[in-house]
Amino acid sequence: FKKKQKTMTAYWHRDGLEIYNFAEEKPIRYAAGTPAELQPVRNILATKVLIVGRDQAMHLRKRYPPAAEDKLKKAVAMEIEEIFPIVRPTFYCRVFKAISSYVEMDIWAWESEPCDKIREVFPFTHVVPEDLMFLSEQPEVRVFPQRGFVHMVAHVREVFLGGLSLPLAKFDEGQIRRFLFGLSQIGAEMEKITIYGLRGFQMKDRK
């Protein structure tokens with residue numbers, strides 16, 4: 001998502017919201033807390049983007065018969081409650097791969113009730129899953145800890161390739177290698193692995 005001159009973002013995670021203003025492409029924290037604690041955002045001129053954190057969303061890649069994207073989105077909407085074990089789900093989806101015989105859709109879903117409460121304090125105009133906020137010119141895996149979990153997200157340019165989250169206590173190099181193997185099964189060979197916030201952790205020589 002390309003940030004505009006007047007943009008505010010709210011990052012929604014299991015502990016609440018972090019709201020940011022952007023000044024010359026740099027984020028400045030505006031407020032943080034649970035929706036019940038926050039005062040409503042009154043800036044009606046700004047584009048407001050809600051980023052749904054990995055710990056709030058579920059993801060699935062599903063095949064459908066070839067069709068126009070708007071028809072595919074309608075098909076997802078019709079069965080979204082059957083796809084995910086979520087009460088009153090809302091969702092975001094887009095095409096991952098399209099060939100003559102089928103289309104693969106990336107689908108993210110999350111609970112709609114918390115979103116309704118968020119909208120009362122942050123009247124967002126756009127919703128984006130956190131998985132789609134990563135950009136890279138080469139096939140890359142980013143690994144980072146967050147609130148007791150380690151997240152692994154693979155992407156190339158603006159394409160989301162795959163993601164995995166697991167408890168920090170269960171994370172080791174073998175988990176990264178299994179994640180890489182899974183990516184290789186869809187033809188995604190990673191050229192770069194970037195690890196953030198895991199002091200002392202290093203990948204061994206892959207040869």
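In the predicted model, the charged end of Lys62 is placed over the ring of Tyr64, at 4.5 Å from the ring centre. A second arrangement of this kind involves Arg119, whose charged end sits over the ring of Phe124, 4.0 Å from its centre.

Contacts between aromatic rings were examined next. A pair of aromatic rings is described by the distance of the centres and the angle of the planes. Four aromatic pairs are present in the structure. In one of them, the ring centres of Phe134 and Phe144 are 5.9 Å apart and the planes stand at 35 degrees, so the pair is classed as tilted; planes under 30 degrees apart would count as stacked and planes over 60 as edge-to-face. Phe134 belongs to the loop between strand 8 (126-129) and strand 9 (136-146), whereas Phe144 lies in strand 9; the pair therefore ties together parts that are ten residues apart in sequence. Both Phe134 and Phe144 are buried.

The rings of Phe171 and Phe201 also form a tilted pair, because their centres are 5.1 Å apart and their planes are at 45 degrees. Phe171 is located in the loop between strand 11 (159-167) and helix 3 (173-184), and Phe201 in the segment after strand 12 (192-195), so that this pair ties together parts 30 residues apart in sequence. With a relative accessibility of 12%, Phe171 counts as buried, whereas Phe201, at 23%, is partly exposed; the limit for a buried residue is under 20% relative accessible area. In addition, one aromatic cluster is formed by Tyr92, Trp108 and Phe160.

Helix 1 (residues 69-83) contains a kink of about 40 degrees, centred on Ala77. The buried residues of this helix are Leu72, Val76, Glu79, Ile80 and Ile83. These buried residues pack against strand 5 (58-64), strand 6 (89-98) and strand 7 (103-111).

Eleven salt bridges occur in the structure. In one of them, the side chains of Arg147 and Glu18 meet at 3.2 Å, N to O. This pair links distant parts of the chain, with Arg147 in the loop between strand 9 and strand 10 (149-157) and Glu18 in strand 2 (residues 16-23), 129 residues apart. Arg147 has a relative accessible area of 25% and is therefore partly exposed, while Glu18, at 15% relative accessibility, counts as buried. Arg147 and Glu18 are also members of a network of salt bridges that includes Asp15 and Arg29.

A salt bridge is likewise formed between Arg54 and Asp131, the closest N and O atoms of which are 2.5 Å apart. Here too, distant parts of the chain are linked: Arg54 lies in the loop between strand 4 (47-52) and strand 5, and Asp131 in the loop between strand 8 and strand 9, 77 residues apart. Arg54 counts as buried at 16% relative accessibility, as does Asp131 at 4%.

Within helix 3, the side chains of Arg177 and Glu173 meet in a salt bridge at 2.4 Å, N to O. Because Arg177 and Glu173 are four residues apart in helix 3, they are separated by about one helical turn. Arg177 counts as partly exposed at 31% relative accessibility, whereas Glu173 is buried, with a relative accessible area of 13%.

Methods. Residues are numbered from 1 along each chain as its sequence is written. This is a predicted model: local features need pLDDT of at least 70, side-chain atom pairs count only at pLDDT 80 or more; totals for chains, interfaces and linings use all residues. Side-chain values use heavy atoms; hydrogens and water are left out. Rings of Phe, Tyr and Trp (its six-membered ring) pair if their centres lie within 6.5 Å; planes under 30 degrees apart count as stacked, over 60 as edge-to-face and the rest as tilted. Helices (H or I, at least four residues) and strands (E, at least two) are DSSP runs, numbered from the N terminus. Buried means under 20% relative accessible area, exposed over 50%, partly exposed in between (1.4 Å probe, protein chains only). A charge sits over a ring if NZ of Lys or CZ of Arg is within 6 Å of the ring centre and within 35 degrees of the ring normal. The bend at a residue is the angle between axes fitted to the seven residues ending there and the seven starting there. Contact means heavy atoms within 4.5 Å. A salt bridge is a side-chain nitrogen of Lys or Arg within 4 Å of a carboxyl oxygen of Asp or Glu.
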